[in-house]
Amino acid sequence: MYFAALLARTEDGWEASDTELLDNVETLSDLADLAREAAAEDDTVLVLIEQEDAWFGVVRIDGEEDPRIYVSDAAAAARSSYGEILLTDELLGRDPADDPDLDALDLDGTEDGEDEEEDDDVTAEAVGSGEAVPHGPVGDPQVLDDLGVSVKELKALSEDALTAIAEALGASEVLETVR
């Protein structure tokens, strides 16, 4: 089960809204745009995402700055459609230029009139060249540091992480209204 919410900082505190990310968002850029729409002026907006007992993610958008992201378990998030949005090449330390050009691969050995029994080692090597997604946290562990959640506290969170984050922010009541 997934839960996603937007917490927008205002002059009066935090305002929360739930969101169906998959209906509105396909990329991190889409997510940042959605968060900016929820912001009053250029205030901070947090996107909180969790998959029950598996992983959680925090995306922080401050005005027009690039989103800051923290994901508690990249390997678990990689198996999730929400996680795919957050786990960018940059976050995982990958160079997009290192990805194989799938259009150029001879996946079944029969293109260009070649025999199917031809050596497939090159294809297997190219497809398998991507690095594995790491187990454990990735991203900016200081994403909430100035808001009252230290790096140590963030990394220690597991079950009910979003509730703990909301409590530290003083936003637990508004988060519960959208849960």
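**Arg60 and the parts around it**

Trainee: Is Arg60 buried or exposed?
Mentor: This is a predicted model, so read each value as computed from it. Buried means under 20% relative accessible area. Arg60 has 5% relative accessibility. Arg60 therefore counts as buried.

Trainee: Which residue meets Arg60 in a salt bridge of 2.6 Å?
Mentor: Side chains of opposite charge can pair when their charged atoms come close. Here a nitrogen and an oxygen are 2.6 Å apart, and Arg60 supplies one side chain. The other side chain belongs to Asp146.

Trainee: How many residues apart are Asp146 and Arg60?
Mentor: Asp146 sits in the loop between strand E6 (138-139) and helix H6 (151-156). Arg60 sits in strand E4. The pair links distant parts of the chain, and the separation is 86 residues.

Trainee: Is Asp146 buried or exposed?
Mentor: Exposed means over 50% relative accessible area. Asp146 has a relative accessible area of 56%. Asp146 is therefore exposed.

Trainee: Which residue meets Arg60 in a salt bridge of 2.8 Å?
Mentor: The distance again runs from N to O between side chains. This partner is buried, and so is Arg60. The partner is Asp62.

Trainee: Where is Asp62 found?
Mentor: Asp62 has 14% relative accessibility, so it counts as buried. As for its element, it is part of a strand covering residues 55-62. That strand is E4.

Trainee: Which side chain does Asp62 join in a polar contact of 2.4 Å?
Mentor: Asp62 has a polar contact of 2.8 Å with the side chain of Arg60. That is not the contact you asked about. The 2.4 Å contact joins Asp62 to the side chain of Thr44.

Trainee: How many salt bridges does a search of the whole structure find?
Mentor: Among them are Arg60 with Asp62 and Asp146 with Arg60. Another joins Arg36 and Glu64 at 3.9 Å, N to O. The search of the whole structure finds five.

Trainee: How many residues apart in sequence are Arg36 and Glu64?
Mentor: Arg36 lies in helix H2 (residues 28-38). Glu64 lies in the loop between E4 and E5. The pair therefore ties together parts separated in sequence by 28 residues.

Trainee: Does Arg36 count as buried, partly exposed or exposed?
Mentor: Glu64, its partner, counts as exposed at 64% relative accessibility. Arg36 has 21%. Buried needs under 20% and exposed over 50%. Arg36 therefore counts as partly exposed.

Trainee: Where does Glu11 lie, and what patch does it belong to?
Mentor: Glu11 lies in the loop between strand E1 (2-10) and strand E2 (13-18). At 81% relative accessibility, it counts as exposed. Glu11 gathers with Asp12, Glu15, Glu41 and Asp42 on the surface. Together they form a patch of negative charge.

Trainee: Which residue's backbone nitrogen does the side chain of Ser72 reach?
Mentor: Ser72 is in the loop between strand E5 (68-71) and helix H3 (74-78). At 15% relative accessibility, it counts as buried. Its side chain reaches, at 2.8 Å, the backbone nitrogen of Phe56.

Trainee: How far apart in space are Ala77 and Gly136, C-alpha to C-alpha?
Mentor: Ala77 is found in helix H3. Ala77 is buried, with a relative accessible area of 0%. In sequence, Ala77 and Gly136 are 59 residues apart. In space, C-alpha to C-alpha, the distance is 9.9 Å.

Trainee: How far apart in space are Leu169 and Leu7, C-alpha to C-alpha?
Mentor: Leu169 belongs to helix H7 (residues 161-169). It is buried, with a relative accessible area of 11%. The two residues are 162 apart in sequence. Their C-alpha to C-alpha distance is 10.0 Å.

Trainee: What is phi of Asp160 near?
Mentor: Asp160 lies in the loop between H6 and H7. It counts as partly exposed at 45% relative accessibility. Its phi is positive, in a residue other than glycine. The value is near 55°.

Trainee: How many helices and strands does the protein have?
Mentor: Along the sequence, the pattern is β-β-α-α-β-β-β-α-α-α-β-α-α-α. Here α stands for a helix and β for a strand. The total comes to eight helices and six strands.

Note on methods: Residues are numbered from 1 along each chain as its sequence is written. This is a predicted model: local features need pLDDT of at least 70, side-chain atom pairs count only at pLDDT 80 or more; totals for chains, interfaces and linings use all residues. Side-chain values use heavy atoms; hydrogens and water are left out. Patches are made of residues with over 30% relative accessible area and no salt bridge: like charges are joined within 9 Å, nonpolar side chains (Val, Leu, Ile, Met, Phe, Trp, Tyr) within 5 Å. Accessible areas come from the Shrake-Rupley method with a 1.4 Å probe; for residues, only the protein chains shown count as cover. A salt bridge is a side-chain nitrogen of Lys or Arg within 4 Å of a carboxyl oxygen of Asp or Glu. Lys and Arg count as positive and Asp and Glu as negative; His and the chain ends are not counted. The place of a charge is taken as NZ of Lys, CZ of Arg, CG of Asp or CD of Glu. Helices (H or I, at least four residues) and strands (E, at least two) are DSSP runs, numbered from the N terminus. Buried means under 20% relative accessible area, exposed over 50%, partly exposed in between (1.4 Å probe, protein chains only). A polar contact is a pair of N or O atoms within 3.5 Å; within protein, one must be able to donate a hydrogen and the other to accept it, and residues adjacent in sequence count only if both atoms are side-chain atoms.
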